[in-house]
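User: I've got a new model open. Can you walk me through it?

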Amino acid sequence: MNGAGLNGREVRVGVLFGGRSGEHEVSLMSARTVMQALQQAGYETVPIGINRNGGWLVSGDPMQRLTDTVNAPELIDGNPPNSHTTNGAAPQLPAPLLNGEDRLPALDLIFPVLHGPFGEDGTVQGLLEMAGLPYVGSGVLASAAGMDKVTSKQLFAQASIPQANYHSFLRRQWRQHPDAIIAELEATLAYPMFVKPANLGSSVGISKAKDHKQLRRAIDTACAFDRKILVEQGVPAAEIEVSVLGNDDPIASVPGEVVPSNEFYDYEAKYLDDRSQLLVPAVLNADQVKEIQDLALRAFRVIDCAGLARVDFLLSGDGEVFLNEINTMPGFTHASMYPRLWEASGLPLPELVQRLVELALERHDDRLQNRAVRTL
């Protein structure tokens, strides 16, 4: 396609970034990389920002406005100027995305470079479906299931995909019966345990608990981020990641290994220091590579992903493989595994984003074959 192919003109991609989640800054870093790669591939890019309060920024330089904390009142003002909020009501899809007003040109598709809730969880995907716009990545179902670590684990268990033992509960249950929950966790799992909010990414709100006191503190921390809490059995293992690309016939990249600078691959180790190592490709034998790639493709299909996903595994010292989680809109920063794994597999970043655009348009065309969609 090389950026052209719709009525003989350049394909115009709206790149959506920022958002209301705790991964706002990561989204900005990812979006810069994606826009540069799209431009290298010959696409016209239109930046669309979402501030921390849900306001949509479509004029001026949305990236600069979200980055410049001094000159960006939208970072703190509940009803910022030149954004599309509704006087404190729930944010809505801005009208320019629907009717092509002068402030925003008509778009051929959206690349939603949003991580975490209010972007990667099916909410924005639903808005784009309602607007009839093609978009990169998974649909509402896969996005929502992939974002919720508890739901995705239940689905993977139904598909007999191996996982570490885990337990889940609600914030209300914790506040009402903390001692009973601690007793159940200590009876069914062993220390160390990993405590996670069910619906966040980039390791936000995740803690490693080595004893009773740390476990209580970790659960309190996770409860600040979500109503649903996941506690997993810690497994001494290497962290292996695989990138998946495709729609109905996905393919898997070579695996890579994460060697975190901290005790685990937390937010700081991912984004705030440069001491973590990404071994690409991972040092694995052929059988291990095949098993991990096959499991990654199975996980991708189980929740009906589309376009892209990064699937994370744990490889124990005795060779057991456990699925850790799936990310339906993985990071695209300079340090992110997803594009690095594809580059190591022979697909450089400009070609990768071009393929993602093609997959988005293919999936949209396929959806238009549904009678209910055609007759809207």
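User: In what order do the four strands of the open sheet run?
Analyst: This is a predicted model. The order is S5-S4-S3-S6, and the pairing is mixed.

User: Which ones are the edge strands?
Analyst: Strand S5 (56–57) and strand S6 (109–112). Each pairs on one side only.

User: And S3 with S4, parallel or antiparallel?
Analyst: Parallel. Seven bridges join S3 (residues 12–18) to S4 (residues 44–50). One bridge pairs Gly-18 with Ile-50 in S4.

User: OK, packing. Which residues touch the most other members of the largest nonpolar core?
Analyst: Val-13, Val-15, Leu-38 and Phe-111, out of 33 residues in that core. Elements that each supply at least two of the core's residues include S3, S6, helix H1 (24–40) and helix H2 (62–67). Helix H12 (337–344) and H13 do so too.

User: Which element gives the largest share of this core?
Analyst: H13, with seven residues.

User: What does Phe-111 touch?
Analyst: Leaving out residues up to four places away in sequence, Phe-111 contacts Val-13, Gly-14, Val-15, Leu-16, Val-34 and Leu-38, among others. Val-136, Met-329 and Leu-356 are also on its list.

User: How many residues are in the second, separate core?
Analyst: That core has 24 residues, including Ile-161, Ile-240, Leu-297 and Cys-305.

User: Switching to S7. Which residues are on its covered face, and which on the uncovered one?
Analyst: S7 spans residues 166–170. His-167 and Phe-169 make up the covered face. Tyr-166, Ser-168 and Leu-170 make up the uncovered one.

User: Why the every-other-residue pattern?
Analyst: Because side chains in a regular strand alternate between the two faces of the sheet.

User: What does S7 pair with, and how many bridges are there?
Analyst: S7 runs antiparallel to strand S10 (residues 228–233), and five bridges join them. Phe-169, from the covered face, has Ile-229 as its bridge partner in S10.

User: Now pockets. How much space lies in the second largest one?
Analyst: About 340 Å³. Its lining has 16 residues. Those closest to the centre are Asp-248, Asp-304, Ala-306, Arg-363 and Asp-366.

User: How does that lining break down by class?
Analyst: Seven charged, six nonpolar and three polar residues.

User: Which helices supply at least two lining residues each?
Analyst: H5 (140–147) and H13 (349–367). H13 gives the largest share of this lining, four residues. H13 also gives the largest share of the 33-residue core.

Definitions and conventions
Residues are numbered from 1 along each chain as its sequence is written. This is a predicted model: local features need pLDDT of at least 70, side-chain atom pairs count only at pLDDT 80 or more; totals for chains, interfaces and linings use all residues. Side-chain values use heavy atoms; hydrogens and water are left out. On a 1 Å grid over the protein atoms alone, a cavity is a set of points where a 1.4 Å probe fits but cannot get out, and a pocket is an open set with protein on both sides within 12 Å along at least five of seven lines; lining residues have an atom within 4 Å of a point. Grid points are joined across faces, edges and corners, and a volume is the space filled by probe spheres set on the points. Ala, Val, Leu, Ile, Met, Phe, Trp, Tyr, Cys and Pro count as nonpolar, Asp, Glu, Lys and Arg as charged, and the others, Gly among them, as polar. Buried means under 20% relative accessible area, exposed over 50%, partly exposed in between (1.4 Å probe, protein chains only). Two strands pair if DSSP finds at least two bridges between them. A nonpolar core is a set of buried Ala, Val, Leu, Ile, Met, Phe, Trp, Tyr and Cys residues joined through side-chain atoms within 4.5 Å. Contact means heavy atoms within 4.5 Å.
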